Amino acid sequence: MPTPTPLLVYRVGYVEEHALESLLAGLRSAYKSHKAVYVGDIEPPVTAYNWRRRQYDSTTLLHTLLKKTSPHAPTLFVAGVDAYADNLNFVFGEALLGQGAAIVYTPRLKPEFYGDEPNPLLYIERLIKESLHELGHAFGLRHCPTPGCVMNFSNSILEVDEKKPAYCQRCAEILAENGVLVNEEYILA
Ligand SMILES: [Zn+2]
Ligand SMILES: [Zn+2]
């Protein structure tokens, strides 16, 4: 098997060590062709902060982070801040379609955000799903209507919980055409 391409992972702001570690482990078991590598921590740039909304402007944030890091390989930013994009009140993440760059936001993936008991396993599962989703976009996938596919559009935490941490067969085929090989356990049967 050829040497895997790195998948660069940056932490932006405060993200728990256990969450970062579990995400890296999840990404390493999901992709055969890419190996998730933690690169370092970055402070979220204040220029991307919207003081009126008290949220980050996701698109500005992603572009600013890319400018700061000029990554030479596919990149995922894991950000412990809340963000919005376009006409959406908030986003779980964002990606540049087919351009190998993605970001996910952790605050709204935590059960306690919704007044529920903290549940580290559920939080990690959501973080892995949203990371697979945004990386799917970064690797060229669009939204997919196949039930359970991680590429389903989700704008509520219920929709995140309904989908699986796995790509459908068709999405996995498109990824493979784009040079991204997914391990069996991350492909819907
Ligand atoms: Zn999406
Ligand atoms: Zn799909």
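This briefing covers one sheet and the helices of the structure above. The structure is a predicted model, in which local features need pLDDT of at least 70, side-chain atom pairs count only at pLDDT 80 or more, and totals for chains, interfaces and linings use all residues. Residues are numbered from 1 along each chain as its sequence is written, and chains are lettered from A and ligands numbered from 1 in the order in which they are written.

**Sheet**
- Five strands (DSSP runs of E, at least two residues, numbered from the N terminus) form an open sheet with mixed pairing, in the order 2-1-5-8-7.
- Strand 2 (34-42) and strand 7 (93-96) each have a single partner strand, so one side of each lacks a neighbour in the sheet.
- Strand 7 pairs with strand 8 (residues 101-105) in the antiparallel sense over four bridges; pairing requires at least two DSSP bridges between two strands.
- E94 lies opposite I103 of strand 8.

**Helix 2**
- Helix 2 (residues 58-69) has 12 residues; helices are DSSP runs of H or I, at least four residues.
- From first to last C-alpha, helix 2 reaches 16 Å, close to the 16 Å expected at 1.5 Å a residue, where the expected span is 1.5 Å times one less than the number of residues.
- S58, L61, L62 and L65 are the buried residues of helix 2 (20 or more other C-beta atoms within 10 Å of a residue's own, with C-beta atoms placed from the backbone).
- These buried residues cover an arc of only 95° around the axis, which puts them on the same side of helix 2; the arc is that of the directions from the helix axis to the C-beta atoms.
- S70 follows helix 2 and has a positive phi, near 25°.

Conventions. A residue is buried if 20 or more other C-beta atoms lie within 10 Å of its own, exposed if 12 or fewer, and partly exposed in between; C-beta atoms are placed from the backbone.
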